Amino acid sequence: MSKYDSNLDLCFSALGDPTRRMILQRLARGEASVSELAEPHDMALPSFMEHLKKLEAANLITSKKEGRTRICQLAPDAFSPARDWLSEQSAIWEGRLDRFDDYIKNLMQERNK
């Protein structure tokens, strides 16, 4: 099992909110300004900015200032930590299920003897 990673906790926490997932889905199509990202959401701008801060803290997005406009984009390899952890967990469970399947088959063979 992989060692404890607080960044992974931040990533999953950030992904746990539907507003933040919608922001990430939008940014998957390309960079966008904060106002463009906030437009479809019915909330005050300070509340929306908290969502962006959580996404940045989790290293899922980056932002830069262009004049008076803040532009956001997906961070390179943003989902790698989550994907890697999920792949590791999947491999562990597939191994366990394979062993369980073998155990059941052996029981059935012994029963049929």
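This passage looks at how two helices pack together and at the salt bridges found in a predicted model.

Helix packing comes first. Two packed helices are described by the angle between their axes and the distance between the axes. In this predicted model, helix H1 spans residues 6-15 and helix H5 spans residues 80-112. Their axes come within 9 Å of each other and cross at roughly 100°. Angles of 65 to 115 degrees count as roughly perpendicular, and H1 and H5 are therefore roughly perpendicular to each other. On the H1 side, the contact is made by Leu8, Cys11 and Phe12. On the H5 side, Pro81, Ala82, Trp85 and Leu86 take part. What kinds of residues make up this contact of H1 with H5? Seven are nonpolar, while no polar and no charged residues are found there.

Attention now turns to charged side chains. Across the whole structure, a search finds five salt bridges. One of the bridges pairs Glu31 with Lys64, whose side chains meet at 3.7 Å, N to O. Where do Glu31 and Lys64 lie in the chain? Glu31 sits in the loop between helix H2 (18-27) and strand S1 (32-33), whereas Lys64 belongs to strand S2 (residues 61-66). The two residues are 33 residues apart, and the pair thus links distant parts of the chain. Glu31 has a relative accessible area of 42% and is partly exposed. Lys64 is partly exposed too, with a relative accessible area of 37%.

Lys64 also forms a salt bridge with Glu66, and here the closest N and O atoms are 3.7 Å apart. Glu66 counts as partly exposed, at 42% relative accessibility. Taken together, Glu31, Lys64 and Glu66 are linked in a network of salt bridges. Lys64 is the residue to follow when tracing this network, as it forms salt bridges with Glu31 and with Glu66.

Another salt bridge can be found within a helix. Lys53 and Glu50 form this bridge, with their closest N and O atoms 3.4 Å apart. How far apart are Lys53 and Glu50 along helix H4? Both residues lie in this helix (residues 45-57), three residues apart, which is about one turn of the helix. Lys53 is partly exposed, with a relative accessible area of 48%. Its partner Glu50 is partly exposed as well, with a relative accessible area of 44%. Residues in between the limits of 20% and 50% count as partly exposed, and the values of 48% for Lys53 and 44% for Glu50 fall in that range.

How values were computed:
Residues numbered from 1 in each chain as written. Predicted model: local features only at pLDDT ≥ 70, side-chain atom pairs only at ≥ 80, totals over all residues. Heavy atoms only, no water. Axes fitted to C-alpha atoms, helices over the stretch in contact; angles between N-to-C directions. Helix = DSSP H or I, 4+ residues; strand = E, 2+ residues; numbered from the N terminus. Parallel < 35°, antiparallel > 145°, perpendicular 65-115°, else oblique. Contact = heavy atoms within 4.5 Å. Nonpolar A, V, L, I, M, F, W, Y, C, P; charged D, E, K, R; others polar. Salt bridge = Lys/Arg side-chain N within 4 Å of Asp/Glu carboxyl O. Buried < 20%, exposed > 50% of the residue type's maximum accessible area, 1.4 Å probe, protein only.
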